[in-house]
Structure formats: C-alpha cells, structure tokens
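Please open the model in your viewer and keep the selection tool at hand. The tour below proceeds from one selection to the next.

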Amino acid sequence: MSSGVESAPAYLAEVPAIATLDLRCRVSGEGVHVAVDHDGRWESALGPIGPGLAALVADSASGTAVALVDRQVRLSTTALTLDLFGAPPGSGVVEAVARVEGARPGPVAPLGSAPGDFVAAIADLRDGTGRTFGRATSWWARRPGGPPLRVTEPPPGPEAGEPADALSRTLGIDGLLRGDGTVAFRLARVGDLCNRSYTLHGGVGALLAQLAAVASLDPGTRVPQVLSLSVEYHRAAGTDGGPVHVTGTRVRQGRTSAVARGEIATADGRPALVATATIAFRAAP
C-alpha cells in the first residue's frame, strides 16, 4: 500500500469537522471513500437533509483525494455540483467515492499541477447497499503554504427563535426566522465544524445552504426532492470567530418543481457561499 493511501485517514483526522461529525474514511482502488450515518442527529424541522449529507461526504472525499497528491498546499473548494438521479437514503449510510479527474483509478496518481492550479475531482454517491444515487463534481484551488493559525472564537450569545430539533443541536443552529419565500438562521459559531484552515468546512456549508434553500419553499402536502445542487464558494466564512449567517430564498415555485437559493454570509454580511437547488415535488407516501 502506498504512503498516500495510508495517509488518507490520517489526513481526515486533521480536519476538525470530520472527527466532530463522525465521518469514516477508507481507500480502495476506486478512490477515497467517506461515509456518514444518516441517523437521528440529522433530523430537521426545516426539511430533508439527504442531499446536504451527500454534499458533505462528496466534499470531504474529493478534498482528501486532491490533498493526497501534495499535502504541503492549502486547498479551498471553488465549486461543487451534485446531480442526483435517485433519492438519497432517508436513513442508513451515505457514502462518496472520489477520485481526481484525469487520473487513473486511485487517489494518489500524479496530477502534474503546481500550487496555484485548479484541480477537478469527481465522486460517486452511494447508499449502504452500494446503490449509486448521484454524482458530484468539484473544482479545488491549490495554494502554497500550510494552514494558518486558528482563531480563538468567542462564545456565542443567545438568540431568539432557536429551532428545537436534532440537527440544530448537532450543528449549533439558532435564530430561525421565516418569511414569505424566505428563511434565515445562523450557525452561532464555526467551532470544530471547520477545515484544516479553521474556517467553515465546505461540505458543512453546502449542507446548510441546501437546507435553507429547501426550507424557503411551501410544498404543501408534497415532498420536495432535490434534483441538483450547484454550489459556488466566494470566500471563507467563520474567519473572525463570529457567527455564520444562512439564508434561503424561493426563486421560482410551480406545481411540480421549484428553484431555490441558499446563501451563507460572513459576519460582516459579505457572500461566502451561494447554492442553487433545482427541486421536484412528489406525492407524499
């Protein structure tokens, strides 16, 4: 087994969000596998979280596959796109298997790129039975230098409107506000939901944005099913120790489908992440 393969679990152990959320890693000839259990801690009153969990493991697996090529560079997600041609599992295992685009199977094939380049990765999304329900593509910026020093964060202050559900307790969400076609909440502090640079983990950001986008809709008795999720990363969030603000906005809603946007802003209001979700409505079981 190569040193790169052996270092995959060790690399993930250096990412605080991975350990905090109990993500599991292994490596095979297919690439880097990262899995999470869709269990009770992810239940949310705001709507389905399956696509967000798929984004979380896809980002984690893809970033690890890219990082194993050269661990002396800093990585940041530039874009992440999920296409879901089946429904993510409502319970059980959600897994991503990622490899570097253009490389032979396996995460340690050389890229032939230098710091400053952009690198693509692809990840297949599977459930616990091995069924493939989607695919994620992502672009990563490789920057010279190691991770910065961690910022010491102040404890969050109380905020009204805290939703009392399992997901809110798992991630530390509070301050829920609803409007007509809008929703807003905050992550009170990034804490250990961060990457190796000690800013908000890109997969966690995609999960929060997906949740907000779906929560902005009014499906009535129908069940929203995310068909695709496109995430653009503009800047790091949580760099100053302040809260991270999340908003969801209904862009268009029809009888059978909808488009919604989820956004994350820095403490001073600048956009950090923008996600657009295409959603179908299906009859409730």
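Two strands are said to pair if DSSP finds at least two bridges between them. The model shown here is predicted.

**First selection: strands S8 and S10.** Select S8 (residues 182-187) together with strand S10, residues 244-253. Six bridges link S8 and S10, and the pairing is antiparallel. To locate one contact of this pairing, display Leu-187, whose bridge partner in S10 is Val-244.

**Second selection: strand S7.** Add S7, residues 173-179, which runs antiparallel to S8 and is joined to S8 by five bridges. Here Gly-179 has Thr-182 of S8 as its bridge partner. Two residues lie between the strands of this hairpin, where Gly-181 adopts a positive phi near 80 degrees.

**Third selection: the second largest pocket.** Move next to the second largest pocket, with a volume of about 250 Å³. Its lining comprises 18 residues; Pro-48, Ile-49, Gly-50, Pro-51 and Pro-88 are those nearest the centre. Helix H3 (50-67) and strand S9 (223-233) are the elements that contribute two or more residues to this lining. S9 supplies the largest share, namely four residues. Colouring the lining by residue class shows ten nonpolar, six polar and two charged residues.

**Final selection: Pro-285.** Is Pro-285 buried or exposed? Pro-285 has a relative accessible area of 95% and is therefore exposed, the cut-off being over 50%. This residue belongs to the segment after strand S12 (271-282). Display Val-223 as well: the two residues are 62 positions apart in sequence, while their C-alpha atoms are 8.7 Å apart in space.

Methods. Residues numbered from 1 in each chain as written. Predicted model: local features only at pLDDT ≥ 70, side-chain atom pairs only at ≥ 80, totals over all residues. Heavy atoms only, no water. Buried < 20%, exposed > 50% of the residue type's maximum accessible area, 1.4 Å probe, protein only. 1 Å grid on protein atoms, 1.4 Å probe; cavity = no way out; pocket = protein on both sides within 12 Å on 5 of 7 lines; lining within 4 Å. Points joined across faces, edges and corners; volume = space filled by probe spheres on them. Nonpolar A, V, L, I, M, F, W, Y, C, P; charged D, E, K, R; others polar.
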